[in-house]
Amino acid sequence: MPKSRQTKIDVITDFGPADRSDAALITERAIHRSQISETPWHVHQKGQLILTLRGTVTSFVEQSMWLVPPLCAVWIPGQVVHRNTFDAYSDVCMVFIDGNHAKLPSSVCTLSISPLVRELILHIAQLSETTPTLARERLQQVLIDLLEQAPQEAFDFPLPEEPRLKDLAQRLLAAPNDRRTLPQWAQDYAMSERTLARLIKQHIQLTFGQWRGQLHIVLALEWLAQNQPIQRIAEDLGYESVSAFITFFKKQLGCTPKQYQQQRWGIA
């Protein structure tokens, strides 16, 4: 997160037992009831893996929003300032990993979590205090080995601090089916198409089409994980037809939405 942003917020540097423990790996299970809940801006000494089992978690990290749909996980390295928002009735498992004991990514990313890894995390989370230390450490090492091999993806939606782009990002989030073109958006901000395109490239390092496409992929994955109908997803994202959405999805991820569901989450 840029220093200019950090000076405007209070960052908690001690965020619970996980930060004070010398253990190489710690798991925590959290079920959020009734209403949306949120953590303040904070930083962990250990890296944090956020795995959603039910509901959705939204992590805000370094001017980007990372949606963590069910059966996916976001990896946040240690010393990275972030905050999280949890859907009502969400079920989340967090894994805190000491960077000295694992070779995990040095930057924020989405990790593809296999059913085996998911079940192993849950098993470790429910181990009793009487579990022999050696048995616990063996399981933890197997988990670390599997996480080090997990495919990495970048399913984030950049949220720039530049006021006009920040407003545009919020409007895209509020209405992802809005298919207005870059020249039409430029008119809303009293600037030329070229100026807005240059502004987006400068602050986000993407074209407008790539930026909006990133949002569509993030939302599509969230809704696919919830097993929503593909036709409804296509409509909610503003595509003229299901086939147009499938073509877009396949171009971005190399497979159709149905194939992705089956390969990643076992959804037939």
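Modeller: Let's start with a term: a nonpolar core is a set of buried Ala, Val, Leu, Ile, Met, Phe, Trp, Tyr and Cys residues joined through side-chain atoms within 4.5 Å. Keep in mind that this is a predicted model.

Biologist: Okay, so which residues touch the most other members of the largest nonpolar core here?

Modeller: W211 and F245 do, in a core of 42 residues.

Biologist: And which elements each supply at least two residues of this core?

Modeller: There's one strand on the list, β5 (64–68), and then a run of helices: α5 (163–174), α6 (182–188), α7 (193–204), α8 (208–225), α9 and α10 (242–253). The top contributor is α8, which gives 10 residues.

Biologist: Let me zoom in on F245. What is F245 in contact with, leaving aside its neighbours within four places in sequence?

Modeller: You'll find A220, I230, I233, A234, L237, Y239 and P257 around it.

Biologist: What does a second, separate core include?

Modeller: That one has 24 residues, with A73, L127, L147 and A150 among them.

Biologist: Let's move on to charges. How should I read a salt bridge?

Modeller: The general idea is that side chains of opposite charge can pair when their charged atoms come close.

Biologist: How many salt bridges does a search of the whole structure find?

Modeller: The search turns up 8. A good place to look is R180, whose side chain meets that of D178 at 3.1 Å, N to O. R180 also pairs with D188, this time at 2.8 Å.

Biologist: Which residues are linked in a network of salt bridges?

Modeller: The network joins D167, R171, D178, R180 and D188.

Biologist: Are D178 and R180 buried or exposed?

Modeller: Take them one by one, with the buried cut-off at under 20% relative accessible area. D178 comes out at 19%, so D178 is buried. R180 has 25% relative accessibility and therefore counts as partly exposed. Their partner D188 is partly exposed too, at 37%.

Biologist: Where do D236 and R232 lie?

Modeller: Both sit in helix α9 (residues 230–236), 4 residues apart, which is about one turn of the helix. They form a salt bridge, and the closest N and O atoms are 3.7 Å apart.

Biologist: Why do D236 and R232 count as partly exposed?

Modeller: Partly exposed is the class between under 20% and over 50%. D236 belongs there because its relative accessibility is 29%, and R232 because its value is 46%.

Note on methods:
Residues numbered from 1 in each chain as written. Predicted model: local features only at pLDDT ≥ 70, side-chain atom pairs only at ≥ 80, totals over all residues. Heavy atoms only, no water. Salt bridge = Lys/Arg side-chain N within 4 Å of Asp/Glu carboxyl O. Buried < 20%, exposed > 50% of the residue type's maximum accessible area, 1.4 Å probe, protein only. Contact = heavy atoms within 4.5 Å.
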